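Me: Here is a structure to go through. Please answer each question from the model and give the cut-offs as the terms come up.

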Amino acid sequence: MISSKLPNVGTTIFTTMSQLAAEVGAINLSQGFPDFNGPQGLLDAAAQHVLAGHNQYAPMTGLPALRQQVAAKIARAYAADVNPDSEITITPGATEGIFCAIQAVVRPGDEVIIFDPCYDSYGPSVQLAGGHCVHVKLDPLDFSIDWQRFTDALSPRTRMVVINSPHNPTGALITRADLDQLAALIADRDIYIISDEVYEHLIYDGVQHASVLAHEQLYPRAFVVSSFGKTYHVTGWKTGYVVAPPALTAELRKVHQYVNFCGVTPLQWALADHMAAHPEHVEQLPAFYQAKRDLFCDLLKGSRFAFTPAPGTYFQLLDYAAIQPDMNDIEMAQWMTREHGVAAIPVSALYQTAEPGQRLIRLCFAKREETLREAAHKLCQI
C-alpha cells in the first residue's frame, strides 16, 4: 500500500461540482470559466501559428515576443519597469507558476501563511515542499485581512506569505494600505511573497488594482502571478506568467524547467500578436465584466438570497441563510444543483476550518447574458 504524500487531498470541489452539474444537466456557475469564446483575433492568430508550423518547443522561459508584451503591459498598467529576459517567465498556467514559486523557496519545516478562504492549490503545494501552512482567517464580513491575526501568526519559521487580490472566492480587494502594512510587518524578516493577481484586470466601480509590482518594498521579495486565461477568456489554454526579481526568477526557473519546461508554443505566439495589436483589451475588461456582474445582481434582487456586489473577480457570493439556515453550504450546493438546476461552489470547501454559521455559496458570472438570465430565474424560484 502506497503511503500518500497528500493523504488529505481528494478530488477538488471544482471538479466535483462541475461533474455533478454535467450529470444532472444543471447550469454550471461553479467552476470559474466563461461560456463564451475569447477574442476572434486571438483565436485566428492561434490557428495561423499552428498552420505556420510554430509547433515545437518554446524557450523554457517563454517566447521573447510574449515576455516583451507582458513587460509593456506592466509598464502601462503599473508604471513598473521589469526586464522581460530576467524577470518574466511564461508558465503553463498560473497554478504551475504558484507551485514552482513555492517549491523554489520553501524548505522542510518552513511555515507559509495563507489566508482563508483561499484557492485550493496553495496548501498542497506547500505540503509537497515539506512546509507547513499557517491558516489566517479573513474577516468573515468583508474578507479583509485582520492584521493582528497576521502578526500573531508570524514566527521565526515563517518563510512565505501568499496573498490574492482580487480574491478568489470572495472578490475582496487588497488595498495599497494593506500592502504597506504587510511590508512594514515583514521588513526585518527573511520572508517571501506570492501575490496571486490572476484577476488583476477584473476590478469594478472605478477602483484601481493595487499590485505588488508597483510596491517598492514588496516586489524585491515577491513572485507576482497572473493568467492570460482569465484576461483573454481562454482558461483552457492554461497559460500564465510569473514576474519576480532576477534572483528569484532564476530559482523559479530551476524548478519550472523540470515541471513542465515550457508552455504551448502556438498559443504563446498568438497571445504575443494579440497583445501587440490590441493593448486596449485589458483596459476594457473592467466595464465588460462589471456589466455582467450588474446584470446578474439586478436579476437576483427578486430572490431570497442576500448579497453585496463583488468588487472584483468574476465571482459573486450569495448568502442563503434566509432560505436554508440549517443546511451547510456543501449540502446547499448539491441541493441547488440537483433540485433547482444551478451549480455553485460551497465557500467552506476553501477553508481549513469552516467559519461557524457562515452560509455562503460562490457563483461565476463569466457567462453569456442568456445563461445569466436563465440561472437567475431558477435562483429566484428557490
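Me: What distance separates the end C-alpha atoms of helix α3 (residues 64-78), and which expected span does it go with?
Reply: The model is predicted, and residues are numbered from 1 along each chain as its sequence is written. Local features need pLDDT of at least 70, side-chain atom pairs count only at pLDDT 80 or more, totals for chains, interfaces and linings use all residues, and side-chain values use heavy atoms, with hydrogens and water left out. Helices are DSSP runs of H or I of at least four residues and strands are runs of E of at least two, numbered from the N terminus; the expected span is 1.5 Å times one less than the number of residues. For the 15 residues of α3 that rule gives 21 Å, which agrees with the distance between the end C-alpha atoms, 21 Å.

Me: Which residues of α3 are buried, and which elements do they pack against?
Reply: Buried means under 20% relative accessible area, with exposed over 50% and partly exposed in between (1.4 Å probe, protein chains only). In α3 this holds for L66, R67, Q69, V70, A71, K73, I74 and Y78. With contact taken as heavy atoms within 4.5 Å, these buried residues pack against β2 (88-91), α8, β8 (240-243), α10 (265-277) and α11 (281-299).

Me: Which residue just after α3 takes a positive phi?
Reply: The phi there is about 50°. The residue is A79.

Me: How much space lies in the largest pocket, and which element gives the largest share of its lining?
Reply: On a 1 Å grid over the protein atoms alone, a pocket is an open set of points with protein on both sides within 12 Å along at least five of seven lines, a cavity is a set where a 1.4 Å probe fits but cannot get out, and lining residues have an atom within 4 Å of a point. Points are joined across faces, edges and corners, and a volume is the space filled by probe spheres set on them; for the largest pocket it is about 1,300 Å³. The lining has 47 residues, with Y119, D120, S121, Y122 and P124 nearest the centre. Five residues, the largest share, come from α5.

Me: How do the residues of that lining divide by class?
Reply: Ala, Val, Leu, Ile, Met, Phe, Trp, Tyr, Cys and Pro count as nonpolar, Asp, Glu, Lys and Arg as charged, and the others, Gly among them, as polar. The lining of the largest pocket has 19 nonpolar, 22 polar and six charged residues.

Me: Which strand gives the largest share of the lining of the second largest pocket?
Reply: This pocket holds about 430 Å³, and L141, F143, T308, L317 and L360 are the closest to its centre among 22 lining residues. By class the lining has 13 nonpolar, five polar and four charged residues. Four residues come from strand β9 (residues 315-319).

Me: Is N168 buried or exposed, and which side chain does its own side chain contact?
Reply: N168 sits in the loop between β5 (158-164) and α7 (176-186). Its relative accessibility is 6%, so N168 counts as buried. A polar contact is a pair of N or O atoms within 3.5 Å, where within protein one must be able to donate a hydrogen and the other to accept it, and residues adjacent in sequence count only if both atoms are side-chain atoms. At 2.7 Å, the partner is the side chain of R362.

Me: What volume does the largest cavity have?
Reply: There are four cavities of 30 Å³ or more. In the largest cavity, L138, I145, N164, H167 and I174 are the closest to the centre of the 16 lining residues, and β5 gives three, the largest share. The volume is about 140 Å³.
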